[in-house]
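Q: Please take a close look at a single part of this predicted model, namely the side of chain A that touches chain B. Which elements build that side, and how is it composed by class?

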Amino acid sequence: MSAHNDSAHSEPEPVDLSDPKLSRFEVYKEGLRRDDIEIIHYEPRFAKPGTKAEKRMERIVGGLFLFSGLFATLFVVAYIWWPWEYEGAATWRDPQTWYTPILGATLGLSLLLFAVGVLTWAKKLLPVEELVQDRHDGGSSQEDRRIAEATVDGLVEDMGLKRRPFLVKAALLGAAPLGLAAVAPLGALLKDPGDMLTVTGWNAEKYNDGEPVRLMMKDGALLRPDMVSVGGQLTVFPAIDHGATNEFPTAPVLLIRLRETDAEILRENLYPMYQDVDALWGNFVAYSKICTHVGCPASLYEQQTQRLLCPCHQSQFNVVDNAAPVFGPATRHLPMLPIDVDDEGYFIATSDFLVPPGPAFWNRPSLPEEDEK
Amino acid sequence: MKRRKGSSDSLLTKAGGELDDRFKLAGPARVLLNKVFPDHWSFLLGEIALFSFILLLLSGTFLALFFEPSMAHVTYEGAYVPLQGIEMTKAYESALDISFEVRGGLFMRQMHHWATLLFMASILVHMLRIFFTGAFRAPRETNWMIGILLFWVGFFEGFFGYSLPDDGLSGTGLRIMEGMTQSVPFIGPWASAALFGGQFPGTSVISMIYIIHVFIFPLILLALITVHVGLVFAQKHTQWPGPGRTEHNVVGFRMFPNYVMKQVGFMLFIWGVIGAMAGLFQINPIWLFGPYEVSVVSSASQPDFYVMYLDGLIRLFPAWELRIPPYFTLPAVFWPAIAGMGLSVLLPLVYPALERRFTKDRGHHNLLQRPRDTPARTSLGVMVVVFWIIGVISGGNDVFAQAFHISLNAMTWAGRIGIVVLPIIAYYVTYRICLGLQQHDREVLAHGLETGILMRDPNGRFYEVHQPLAEPDEHGHTELEYSGWVVPKKMNRVGALEPTDKGFFKSIEEPAENGGAERRDEIESGRK
C-alpha cells in the first residue's frame, strides 16, 4: 500500500478510446478515471494462477456450497416428511419433538455454510485491491446553483406567485379545510368514554335492574361466607351476564377473609367513607383487583405481611389499611367494594365502588373523601 | 453490434447491448459497479437490521396467511390439550394453531420473534456506533434522524406484534398501554376509548393494531429504510482516518464484486443465525400463558427487551401524582411513560443540532472520530447507556430479586438511586478513561512501544527498552503526530512474535515464489 496524498496527487490523463491498441485494463481504468477513482493497490490474491494453495481454496469454497445444498435438501425433506403433528405431551423420544429443532438446524446450517462460502470467496480468492474515489462532498457548483435559482425564479414568475397574492391566499385557505377533510374520517374512531372508567359491573342500576349484584366465582358459582377459609382469599366477579369476562375489566375483586386480629386493625384504620357504608361484612373485605397504577391485577397476596403486590410494577398495598399503597409507583388505595350477605346467604355488593377503580386518568374526579384518613 | 470472435462472453455483450439500447444503462451501471466503499467491521452493524427486516417481511407474510386478527369468542378445541375447552379469542386460537397445527408454523413464529429482537438490538448497537464515532455530524444529520425514527417505529411495530396473539402476556402489555394512554392530559380517556373502541380491552383493538402491524408500519419502515440506505449511498459512507484518507476522498474497495459479495455472505450469515435460533431456541411460548383475562397475571411478566427500559422507568418512578381538585389528575405514570418516551424520541433527534450549537462546529465531516478523542460526547453517550441499562435491569427487577434472593424493594430503591447517581459517575469515569487513553496514545507516539525488555545501566538504574515507531529524523527524534487512528500498543501489532508458519495440523506456508507472506523474525532488540 503506497501512501496517498491529495496534494501530491497527479491527475491521470484521459486516454483516447478509439485507439485500437488499448488493452481491456486501460479501457477499464479510463472508466475509473471518469468516476474520479484511482487504483492505489491491485494484485491477484495468488501471484501464480493454478497453484496448490489456490486450488485448495477453491475446493474449500466449493465444498461449502455443496454442503450448504445438502443441508437445504435435508431441510426440505424434513419439512415434508418428518412427522410434525402435535399429539399431546410428547417426550424427547417422539419424533415430532424434534421437528422444529431439525428445521432450525438444517436451514441454519445451510445458510451459514453458503454464507461462509461466499465470504471465503470474497476474502481469499478476490484480488487484493484498494482504490480511492473523490467524495465530491458539499453542495453543487456555483454554476449549478445559479442555474437552479434562475429556473425556480422563472417558475415563480410564470405562476405569478408574487404578483397574485390573492390566489396564494385563496389556495391556502382552500387547502386547509381539505387537509382537515382528509383526517376527519379518523373521527370514526372517536368514542365518548362516558362512564366506562367510573361505572363497573357492580352497578346494580345499570346491570342488574336495581337488584344488588351478587358475588360469584369464575365458574358462575355464587359465593357464601363459608366458602372462604380464615386467612384465605378468592377472586370474585359480579354475578351478571358475562360478569367474569373481559367485558367488565374493572370489576374483578379480591375477597379476603381476614383473621380476627387483622380485621380489628382494619376496622380501626377504615376510611370514613367506608365506615359510613359499613363496607366490611364480618371479617370479610373485598378490594378491587385492578391496580391503581396502570391496571394490572394486583393479585399476589402475602398473608404474612398482609400486603397485596402487583407483579407488573411492584406496587404494594396494605390489606389492613384500606389497601393503601405502601411501596412502588401506585398512588391510590385499591377501592373497597362494600359487601353484605343477603337473605339467602349469598354475598352481595351493596353498591358500586365508591371511587373509580383502576388506573388514574386525566379527568378522574378527585373526591375529598379519598384523602381522608 | 459486432460479435467478437472467439469471445466466451459474447452472449453477455449482446444482452448488455440489447438492454442498453432500451434503458441507456452503460453509464449509470459503470458508476454503480465502480463505486468505492470504505471497509471496517463496525460499518456492518446497520446491515444486520436490514437483513433481519427482510426476514421479518418474509416470515411475517407466512404468519399472516394463518393468523386471524379477531376478538370474537371461541372455545378452543385444537391440538394443545391443556387449553381444550377454554374460552378465548379467535386471535389467540389462530396463534395457537400456527404453533401446533400449521406445518412449520412454530418455526416461523419463532423466526419472526427472534428476527425482531435482532432487528431492534442491531439498530441500537448501530446507533451507538454512529453516535460514538461522530458519524451523525454534518452532512448526515438527516440520516441520523431517520435512524432514530426507524428505531421508534420498530419499537411500536414490535410492541404491536407481540400484542397480537392476545395471550395472557400480550393482554397485560396492552393493559399497561391503556393505563399510560389514560394518563395523558386532556385527551387521555378519549385516546384510550378511540384505541380500544370504548372500554379496554373491547373487541376491536386486535384488528386495529393488526392493520398497523402488517401494513402501515411495515410500509413506513420500508420507506424510511430505503431513504436511509439511499442517503448513505448518495452521501458516501464515512471512513476512519488513516494513511491517504482525507475528508474529500473515500478509500476502500469497489462495490462489485468485493462489497456485494461480502454483503451477500453477511446477509446469509445473519439469516443462518436467525434460522438456527428459530428452530433451536424457544421464544414466547404463548400456549403457557393462556388467553388474556383482566384478572389474571403472573410474576415475571416482562416485555421484550427493547420495551423493558420504559417498563423499568415506570417501576422506578416514585408515586408522585399531581391532583388538581376537584376535576383533574396527572397520574404518576405520565412522567416516565409519556414524558419519558417523548424525551427519548426528542433528545436523540435534536442531538446533532445541539452538538453543532455547543461546539460551534459547522463544517462537514467525513472522517470518523475515535471515542477517546471526543471525551465529552463519549461520556454523555456512556451516561445514557448506563441510564438505559439500569432501566432495563429495573424492568426485570422482580426476576433479578427472585434469582439472586434480593429483596424486591431493595432492588427498586437501588434502581431509583442508581439511575440518578450512576450516570453521573459514569460520565466522570468515562471522561477520565478517554483522557488517559489519549495520553497513552501520545506517549507511545513520542517514546515508542514497551518491549518488556528490562536493561540495567552501569549506574545500576533499571529501564525498559522502548521500540520507537518511526525512523529517527536528523535530530534523532522519533516522535510521531497523532493521526486520529489506532496507535499500536504492543510489539505484536508491529509484527513481532507473529507465527513464523501458518497452518493448524500441518504447515500451509505458501512457497515464496507464490507471493507468500513475508517471513517474520523474532525480535532481536536488546539481545547481545
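A: Two residues are in contact if their C-beta atoms, placed from the backbone, lie within 7 Å. By that criterion, among contacts in chain B between residues at least 6 apart in sequence, 69% join residues at least 24 apart. The model is predicted, and its contact between the two chains draws 79 residues from chain A and 92 residues from chain B. On the side of chain A that touches chain B, the elements giving two or more residues are α1 (24-34), β1 (37-43), α2 (52-81), α3 (99-125), β2 (128-134) and β10 (324-327) of chain A. Of these, α3(A) supplies the largest share, 15 residues. By class, this side has 47 nonpolar, 21 polar and 11 charged residues.

A strand pairing also links the chains: β2(A) pairs with strand β4 (residues 249-254) of chain B in the antiparallel sense, over four bridges. Within β4(B), B:N249 stands opposite A:D134.

As for the partner, chain B has 15 helices and eight strands. Its C-alpha trace spans about 85 × 80 × 55 Å along its principal axes, and 37% of the 528 residues in chain B are buried.

Confidence in chain A averages a pLDDT of 90, with 95% of the residues scoring at least 70. In chain A it is highest in α3(A), at 97, and lowest in helix α9 (residues 368-371), at a mean of 58. Over residues 1-8 of chain A, pLDDT stays under 50, and the model has 13 contacts beyond four places in sequence for them. Where pLDDT is low, the predicted coordinates should not be read in detail.

Key
Residues numbered from 1 in each chain as written. Chains lettered and ligands numbered in written order. Predicted model: local features only at pLDDT ≥ 70, side-chain atom pairs only at ≥ 80, totals over all residues. Nonpolar A, V, L, I, M, F, W, Y, C, P; charged D, E, K, R; others polar. Pairing = 2+ DSSP bridges. pLDDT = per-residue confidence, 0-100. Buried ≥ 20, exposed ≤ 12 C-beta atoms within 10 Å, placed from the backbone.
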